[in-house]
Every structure is written in C-alpha cells, then in structure tokens.
Amino acid sequence: MNQRKYGYARVSSREQHLDRQLEQLKQYVPEENILTDKASGKDIERPAYQALKGALGLRKGDVLYITSLDRLSRSKEDIKRELQWFKEKGVRLKILDLPSSLITVPDGQEWIIEMINNILIEVLASMAEQERLTIRKRQREGIEVAKAKGKHLGRPRIVMPENFGEVYDIWKAGEITAKEAMWRLQLSSSSFYRLVKQWESSMINHK
C-alpha cells in the first residue's frame, strides 16, 4: 500500500489568511492534498477536517502534516482524543513546528519518537488550551469594562422620532403606505418595523 501524504491548515475566521500555512505545507505535500478550514479551534466539528477522518480520507500508513498542534484544536482534551485516533488508525502525524515528529527512525524504534512526542504534545496542548482560556477571559473582561463605562454592546439603539405616534396612527388607519411612513420618519424598513413593535408593545402595557 502506497503511503499518501495529506496536509491540513486552519484559521479561526474568514478574515484571516491561510497563505503562510499553505506555503509551509506545500514543501511536504502536493497542493491538491491540502485541506483547509476557516473555523474556530474550540472543537473539531469542521467540514474539511471531518472529511479527512471520513471514509474517503486518511487510512493506515498515511501521513498528515500540520504546521502546529493548535491547528487541530485548542482544547487539550480534543487534542488527546485526536492523537489517539491517529494512533489507532495507523496514521502518522507530522507537526512542522515540532521537529521530533518529523524524524525518521529504523523499523522497530518508533517508540523513541512516540515517547518524545508524548511529552512535548502534553506541554503544547496545555499551552494551546491556556491560550484559548486567556482569550475568553480577556473578552469577558472587555465586555465588563464596556458595560461599566455605559457603552451599549450590540446593535445601536434607535431613537424614536418625536412624530412617530402621529405617523403611526395615519399609517395604521390606511391613509398612507408603510413606505410613505418610513420616508416621513426618515427610517429604514428594519428600523421602522422595530419601532412599530416597541410602540405597539408599550400601548398594550399601558392598557
């Protein structure tokens, strides 16, 4: 059975670029064998990665190249499960920023690489997870600071025009169209109907 080589690259969002990872992987893997995802590393439910693990993907004797361990996941538990999966399936994982994983040893001495990798992977997995937790902590702190300063998070609030009630009444009476009402109030369609909902809700509450 011929050994097949695959590559996998991932970035966390559509705004980020895969170029650097692809250039590194193309030194080891045919370009057509490199699969990519633009998705968070918080879990492993990503289309390209799952395709690699599917029936038409990796099989015993194949090699998968990644640029760094956190391209698989930023969760320590996920990383451990994935490494176990590769081991059980007989797939060799080579990590470009983990040189020991690239070493070739004589048959029967693979345990040397496995021992070294297990130690390094444990450390790197812990670092990847810690980085993920730190990012989440900073995001929460940023939200709390913004709230403390009175900043509104999310969609900006719409100021209800002073003549909204008057225009609303004649619109409801059928004297003008919704388009005419929006023009008089200088509101977009979404803003107009959002304010209509607020207005009608307040009317119900005051009955």
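This report looks at one buried charged residue, two nonpolar cores and one helix residue in a predicted model.

**A charged residue inside**

Let's start with Asp37, which sits in strand 2, spanning residues 34–38. Which side chain of opposite charge is nearest to Asp37? That is Arg46, 4.8 Å away. A salt bridge needs the charged atoms to be within 4 Å, and Asp37, though buried, has none. The side chain of Asp37 does have polar partners in the backbone, listed here with its nearest opposite charge.

| Partner of Asp37 | Part of the partner | Distance |
|---|---|---|
| Ala48 | backbone nitrogen | 3.0 Å |
| Tyr49 | backbone nitrogen | 3.0 Å |
| Arg46 | side chain of opposite charge | 4.8 Å |

Beyond its neighbours within four places in sequence, Asp37 is also in contact with other residues, including Tyr8, Val11, Leu18 and Pro47.

**Two nonpolar cores**

Next come the cores. The largest nonpolar core holds 18 residues, and Leu58, Leu64 and Phe86 have the most contacts inside it. Two or more residues come from each of strand 1 (5–11), helix 2 (47–53), strand 3 (63–66), helix 3 (76–89) and strand 4 (92–95). Leaving aside neighbours within four places in sequence, Leu58 is in contact with several residues, among them Tyr6, Leu52, Leu64, Trp85 and Phe86. A second, separate core has 13 residues, including Ile176, Met182, Leu185 and Val196.

**A helix residue**

Finally, meet Gln130 in helix 4, which covers residues 110–148. Gln130 counts as partly exposed because its relative accessible area is 47%. Gln130 and Arg74 are 56 residues apart in sequence, yet their C-alpha atoms are 8.5 Å apart in space.

How values were computed:
Residues are numbered from 1 along each chain as its sequence is written. This is a predicted model: local features need pLDDT of at least 70, side-chain atom pairs count only at pLDDT 80 or more; totals for chains, interfaces and linings use all residues. Side-chain values use heavy atoms; hydrogens and water are left out. Helices (H or I, at least four residues) and strands (E, at least two) are DSSP runs, numbered from the N terminus. Buried means under 20% relative accessible area, exposed over 50%, partly exposed in between (1.4 Å probe, protein chains only). Lys and Arg count as positive and Asp and Glu as negative; His and the chain ends are not counted. A polar contact is a pair of N or O atoms within 3.5 Å; within protein, one must be able to donate a hydrogen and the other to accept it, and residues adjacent in sequence count only if both atoms are side-chain atoms. Contact means heavy atoms within 4.5 Å. A nonpolar core is a set of buried Ala, Val, Leu, Ile, Met, Phe, Trp, Tyr and Cys residues joined through side-chain atoms within 4.5 Å.
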